[in-house]
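Colleague: I have a new structure open and a few questions about how it is built. Shall we go through it together?

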Amino acid sequence: MTKSKSAVVTGANKGIGREIARRLATMGFKVWLGARHAERGIAAAQALRAEGLDVQWLELDVTQDESVAAAARVVSAESPCLDVLVNNAGVAINYDPPPSQQRVADIQATYDVNVFGPIRVTQAFLPLLIAAPGARIVMVSSSTGSIGRALDSGTPNHSVNLMGYGSSKTALNAITVAFARELAPQGIKVNAAAPGYTATDLNGYKGHRTVQQAAEIVIRLATLDADGPNAGYFNDDGPLPW
Ligand SMILES: NC(=O)c1ccc[n+]([C@@H]2O[C@H](COP(=O)([O-])OP(=O)(O)OC[C@H]3O[C@@H](n4cnc5c(N)ncnc54)[C@H](OP(=O)(O)O)[C@@H]3O)[C@@H](O)[C@H]2O)c1
């Protein structure tokens, strides 16, 4: 019997993350559904298991060193390696005000999840990822992180100016490239995905895309074959300008 591949998805109790978990499990992955709250994580994992999928709740608060370390220990106790890590957990805290009125405390709290979270989680799971034959790491970014798009009046991003949230994703893009450069010799590919404006709790369901559409680019990057790209930033239509 061939052992199934494994995946960790952070912030997977709802929204785009839960759909990513569902898609990976449907493809045959054993999925560790990361969630910081037991009740929400257990309920989401149970719902997916009821669909016949191999999904297990993994307690994981991306802002807490000890929580992340404990999560890596749980996975390593059950599996010698990890094939896919999706850094999906994200927040957009009071993202609306113009830059001149954004509170530094809100931006710091945003960065704690969106920037330091993926660094913390990637570092903690690295030994397991390196042990896999060709691991894939996907950073769930956003087109609001694209400086090129922000400056291009021909794109929808030109009319939004989300300093805290957008710059957290710009930083995440730089982090994507940094890990990709270090890990390429070990056969690991690290890419950033922009899921598009999607109806979820993050934006009060104002987004026009479905979670199914949003998950598509993430799944593509999580399952790249050996000649797939590394250190890239993509939406459904292809590469995005940094
Ligand atoms: N929706 C969009 O239009 C859009 C567009 C571009 C990019 N994105 C990105 O897509 C990703 C998923 O967002 P979404 O739209 O699906 O939002 P969502 O429905 O609000 O889901 C966010 C997930 O992140 C989790 N999370 C928040 N803080 C966490 C922490 N400290 N530790 C662990 N998990 C934490 C949430 O858990 P709780 O339930 O416990 O809060 C939830 O599971 C985010 O990175 C977001 O920036 C979204």
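Colleague: Which residue in β7 is the bridge partner of A192?

Modeller: Keep in mind that this is a predicted model. Two bridges join β6 to β7, and the two strands run parallel. β6 covers residues 189–193, and β7 covers residues 233–235. In β7, the partner of A192 is Y233.

Colleague: Which strands stand at the edges of the sheet?

Modeller: The sheet is open and has eight strands. Its order is β3-β2-β1-β4-β5-β6-β7-β8, with mixed pairing. An edge strand has a single partner, so one side of it is left without a neighbour in the sheet. The edge strands are β3 (55–59) and β8 (238–239).

Colleague: What angle does the direction of α4 make with that of β4?

Modeller: α4 spans residues 104–131. It packs on the sheet and touches β1, β3, β4 and β5. β4 is the stretch 84–87. The angle between the directions of α4 and β4 is about 175 degrees.

Colleague: Which element gives the most residues to the largest nonpolar core?

Modeller: That core has 36 residues, and V8, L60, F125 and L129 have the most contacts inside it. The elements that give two or more residues are α3, α4, β5, α6 and β6. With seven residues, the one that gives the most is α4.

Colleague: How many residues are in the second core?

Modeller: This core is separate from the largest one. A12, L24, L33 and A45 are among its members. A45 is also a buried residue of α2. The second core has 32 residues.

Colleague: Why are the buried residues of α2 on the same side of the helix?

Modeller: α2 runs over residues 38–49. Its buried residues are G41, A44, A45 and L48. They lie on the same side of α2 because the arc they cover around the axis is only 95 degrees.

Colleague: What covers those buried residues of α2?

Modeller: Look for a helix and two strands. The helix covers residues 15–26. One of the strands, β2, covers residues 30–35. The cover includes α1, β2 and β3.

Colleague: How far does α6 reach from its first C-alpha to its last?

Modeller: α6 has 21 residues. Its buried residues include Y165, L172, I175 and F179, and their cover includes α4, β5, β6 and β7. At 1.5 Å a residue, 30 Å is expected, and the model comes close to that. The reach of α6 is 30 Å.

Definitions and conventions
Residues are numbered from 1 along each chain as its sequence is written. This is a predicted model: local features need pLDDT of at least 70, side-chain atom pairs count only at pLDDT 80 or more; totals for chains, interfaces and linings use all residues. Side-chain values use heavy atoms; hydrogens and water are left out. A nonpolar core is a set of buried Ala, Val, Leu, Ile, Met, Phe, Trp, Tyr and Cys residues joined through side-chain atoms within 4.5 Å. Buried means under 20% relative accessible area, exposed over 50%, partly exposed in between (1.4 Å probe, protein chains only). Helices (H or I, at least four residues) and strands (E, at least two) are DSSP runs, numbered from the N terminus. Two strands pair if DSSP finds at least two bridges between them. Contact means heavy atoms within 4.5 Å. Axes are lines fitted to C-alpha atoms, for helices over the stretch in contact, and angles run from 0 to 180 degrees between N-to-C directions. The expected span of a helix is 1.5 Å times one less than its number of residues. The arc is that of the directions from the helix axis to the C-beta atoms.
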